Amino acid sequence: MASPNGLSEWTSVRCAHRPDEIGAVLFPNSMLGNHLRCLMSRLIALLVLPFALLHPATAQKPSPAKKDSPKILYTVPLVLTPGTSQKLTLRGRNLDTVKEVKVTGADPAKVKVLAGKKTPVGNNQPGERIGDTEVAIELELPKGTKPEVTLTAISPGGESAAYTPLIRDELPPVAEKEPNDGFDQAQTIPVPSAVEGTIKGERDVDVYSFAGKKGDKLVIEVQAARFGSPVDALITLYDGDRKVVAAVDDSDGSPDPVMMVTLPRDGAFFLSLIDAHDLGGPQFGYRLVVRKQK
Ligand SMILES: [Ca+2]
Ligand SMILES: [Ca+2]
């Protein structure tokens, strides 16, 4: 007689219509015959199946994270400065109701949550990368804070994954200064240095100039998308005659370009940085590192 859960039909079907895998494994020698193997497989099924039915959770995936959980995509400004109290905006999803932000990897760290709000995504903006909510915080990291700091946002909807922010290091920081939209407006920077800039609007171009010597081996690198910034940077290096020396869009599977270059002559060089999709806005932060190769 069939049981309510169909167990009898299941074992019968296995014996009548399918190769008897369990019996064949246990009794590969055919002299025991198909009938005995079939009985053995029924017995094993009777022992195993009720256990599986009593513990259905073992066959299910863990429940996914709550859909209301906050998510931190990036910070504005993108670069955090240890040793000073800094006002930041965390951008992402479900951040408008955040009441607490946890910091790990920096001790002591002071953090104060100010206010959250919804921020509708504009036309042409990539909503997935821009985020639709934000929360303002005041953050103080101790001097010498290392890059392994993480931020976690907590709201009534849940807790975000840990976000690793971009921390200012020992390279001399330079604040970007507009207007810098062409060769004639290029902002002069030292080598080495790290420019903290923004693609401030659609089709913004940021041009920098620096002095170099023939044979200098430089690394010119943008840090942005790896830290969640919506910028997909594209950099182009020009010589003093405004002829292209090299251009890089993406590197190592990241939208962040890394250019390894040997300067072809002495003199001034220009470096332009644009968003590869001509997008931009106040959230499009980047850090541009220009230094000698190690
Ligand atoms: Ca500009
Ligand atoms: Ca790129």
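**Strands, core and loops**

Q: How do E1 and strand E3 (residues 85-93) pair?
A: E1 and E3 pair in the antiparallel sense, over five bridges. Strands (E) here are DSSP runs of at least two residues, numbered from the N terminus. Two strands pair if DSSP finds at least two bridges between them.

Q: Is there anything to know about the model before we go on?
A: This is a predicted model; local features need pLDDT of at least 70, side-chain atom pairs count only at pLDDT 80 or more, and totals for chains, interfaces and linings use all residues. Residues are numbered from 1 along each chain as its sequence is written, while chains are lettered from A and ligands numbered from 1 in the order in which they are written.

Q: Back to E3. Which residue there is the bridge partner of Val76?
A: Thr89.

Q: And which strands form the open sheet?
A: Four strands, in the order E1-E3-E6-E5, with antiparallel pairing. E1 and strand E5 (110-118) stand at the edges. Each has a single partner strand, so one side of each is left without a neighbour in the sheet.

Q: What about Val76 and the next residue, cis or trans?
A: The peptide bond from Val76 to Pro77 is cis, with omega near -5°. Pro77 sits in the loop between strand E1 (71-76) and strand E2 (79-80).

Q: What joins Glu178 and Pro179?
A: A cis peptide bond, with omega about 0°. Pro179 is in the loop between strand E10 (173-175) and strand E11 (187-188).

Q: New topic. Which residues touch the most other members of the largest nonpolar core?
A: Leu90, Ala153, Leu271 and Tyr286, out of 48 residues. A nonpolar core is a set of buried Ala, Val, Leu, Ile, Met, Phe, Trp, Tyr and Cys residues joined through C-beta atoms within 7 Å. Strand E18 (residues 267-275) gives the most to this core, with five residues.

Q: Where does the core lie?
A: Between domain 2 (71-167) and domain 3 (173-292), because both give residues to it. The domain bounds come from an automatic or database domain assignment.

Q: Last one: Arg242, buried or exposed?
A: Arg242 counts as exposed because it has 8 C-beta neighbours inside 10 Å. With C-beta atoms placed from the backbone, a residue is buried if 20 or more others lie within 10 Å of its own, exposed if 12 or fewer, and partly exposed in between. Phi of Arg242 is near 65°, a positive value in a residue other than glycine.
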